[in-house]
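User: I would like to go through this structure and ask, for each label put on it, what the label rests on. Could you set each value against its definition as we go?

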Amino acid sequence: YAWVMTLGSRGLKTVAETAIINNNYMMKRLLNEVRGLSMPWGKEAPNRLEQVRYSFETLLKETGVGAEDVNRHMLDFGFQRFFPSHHPEIVPEPFTPEPTESYSKADIDDYVEALKRISWEAYHTPEIVLTAPHKGPIEKLETDHIDSVSELAVTWRAYKRKKREKRSEAER
């Protein structure tokens with residue numbers, strides 16, 4: 001956190017204020033323009049300082065497209081995957097963007113436009129979203145099949161080892 005010290009008190013205040021402005025700007029646009037997105041507890045706490053935990057629960061109920069599908073399709077628009085939620089997931093179909101101080105208004109506008117497009121696709125041609133990503137080096141990753149920690153392979157080397165072990169077990 002040495003970089004914080006280089007900003008000085010005025011710089012740090014500017015950074016914090018910019019992050020809050022970016023978050024509230026994105027929040028207003030998302031809630032007003034992205035169909036199928038909601039903000040749980042919005043009435044109890046309508047203003048946020050840092051992050052907002054949104055929900056794609058309505059989108060899932062109305063189209064069959066959930067947060068993970070949207071997350072993968074964001075790759076097709078040139079955005080990195082968003083942070084869904086901490087566990088346990090207390091918000092169904094969670095979506096937590098982080099429009100920090102380093103993003104410009106144009107960056108946020110592009111991000112919102114991508115989400116609007118994905119929402120439109122979900123309601124009109126859901127198979128496009130459900131089979132995403134289409135422009136990336138990977139295909140859809142199935143993550144719901146892991147039932148045990150022993151099945152996890154968090155490095156390429158561990159993945160290859162587990163694959164060899166499964167193959168040798170099947171050959172027996």
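Analyst: A residue is called buried when its relative accessible area is under 20%, exposed when that area is over 50%, and partly exposed in between. By that cut-off, 32% of the 172 residues of the chain count as buried. Please keep in mind throughout that this is a predicted model.

User: What makes up the chain in terms of helices and strands, and in which pattern do they follow one another?

Analyst: The chain has 6 helices and 2 strands, and along the sequence they come in the pattern α-β-α-α-β-α-α-α. As for how distant parts of the sequence meet, 65% of the contacts with a separation of 6 or more are between residues 24 or more positions apart. The chain exposes about 11,700 Å², of which carbon and sulfur atoms supply 56%.

User: Why is helix H3 called mostly covered?

Analyst: Helix H3 spans residues 67-74, and 7 of its 8 residues are buried, which means that each of these 7 has a relative accessible area under 20%. They are Ala67, Asp69, Val70, Asn71, Arg72, His73 and Met74. As to what they pack against, the buried residues of H3 meet helix H2 (57-63), strand S2 (94-95), helix H4 (105-124) and H5.

User: How do you know whether Val129 is buried or exposed?

Analyst: Val129, in helix H5 (residues 126-130), has a relative accessibility of 0%, and because the cut-off for buried is under 20%, Val129 counts as buried. Setting aside residues up to four places away in sequence, Val129 touches Val65, Asp69, Val70, Arg72, His73, Ile118, Glu121 and Ala122. With Val70, which is 59 residues away along the chain, the separation between C-alpha atoms is 6.6 Å.

User: And what category does Ala122 fall into, and on what value?

Analyst: Ala122 belongs to helix H4, and its relative accessibility of 1% is under 20%, so Ala122 counts as buried. Apart from neighbours within four places in sequence, Ala122 is in contact with Leu59, Thr63, Val65 and Val129. Ala122 and Gly64 lie 58 residues apart in sequence, while their C-alpha atoms are 8.0 Å apart in space.

User: What makes the pairing of Glu33 with Arg29 a salt bridge?

Analyst: The term requires a side-chain nitrogen of Lys or Arg within 4 Å of a carboxyl oxygen of Asp or Glu; the closest N and O atoms of Arg29 and Glu33 are 2.8 Å apart, so the pair qualifies. Both residues lie in helix H1 (residues 2-33), and because they are 4 residues apart, they are separated by about one helical turn. An α-helix has 3.6 residues a turn, so residues three or four places apart point the same way. The two partners fall into separate categories of exposure, since Glu33, at 32%, is partly exposed, whereas Arg29, at 12%, is buried.

User: How do you know that Lys61 and Glu57 also form a salt bridge?

Analyst: Their N to O distance is 3.5 Å, which is within the 4 Å limit, and therefore the pair counts as a salt bridge. Lys61 and Glu57 are both in helix H2, 4 residues apart, or about one turn of the helix. Lys61 is called exposed because its relative accessible area of 67% is over 50%, while Glu57, at 29%, is partly exposed.

User: What places Arg117 and Glu121 in the list of salt bridges, and how many are there in the whole structure?

Analyst: The closest N and O atoms of Arg117 and Glu121 are 3.2 Å apart, so this pair too is within 4 Å, and a search of the whole structure finds 11 salt bridges. Arg117 and Glu121 are 4 residues apart in helix H4, about one helical turn. Arg117 is partly exposed at 41%, but Glu121 is buried at 6%. Salt bridges that share partners also join Arg29, Glu33, Lys105, Asp109, Glu113 and Lys116 into one network.

User: Why can Lys163 belong to a surface patch of positive charge?

Analyst: Members of such a patch need over 30% relative accessible area and no salt bridge, and Lys163, in helix H6 (residues 156-171), has 44%, so Lys163 passes the area requirement while counting as partly exposed. Lys163 gathers there with Arg157, Lys160, Arg164 and Arg167.

How values were computed:
Residues numbered from 1 in each chain as written. Predicted model: local features only at pLDDT ≥ 70, side-chain atom pairs only at ≥ 80, totals over all residues. Heavy atoms only, no water. Patch = residues over 30% accessible without salt bridge, like charges linked within 9 Å, V, L, I, M, F, W, Y side chains within 5 Å. Areas by Shrake-Rupley, 256 points an atom, 1.4 Å probe, with all protein chains shown as cover. Lys, Arg positive; Asp, Glu negative; His and termini not counted. Charge placed at Lys NZ, Arg CZ, Asp CG, Glu CD. Buried < 20%, exposed > 50% of the residue type's maximum accessible area, 1.4 Å probe, protein only. Contact = heavy atoms within 4.5 Å.
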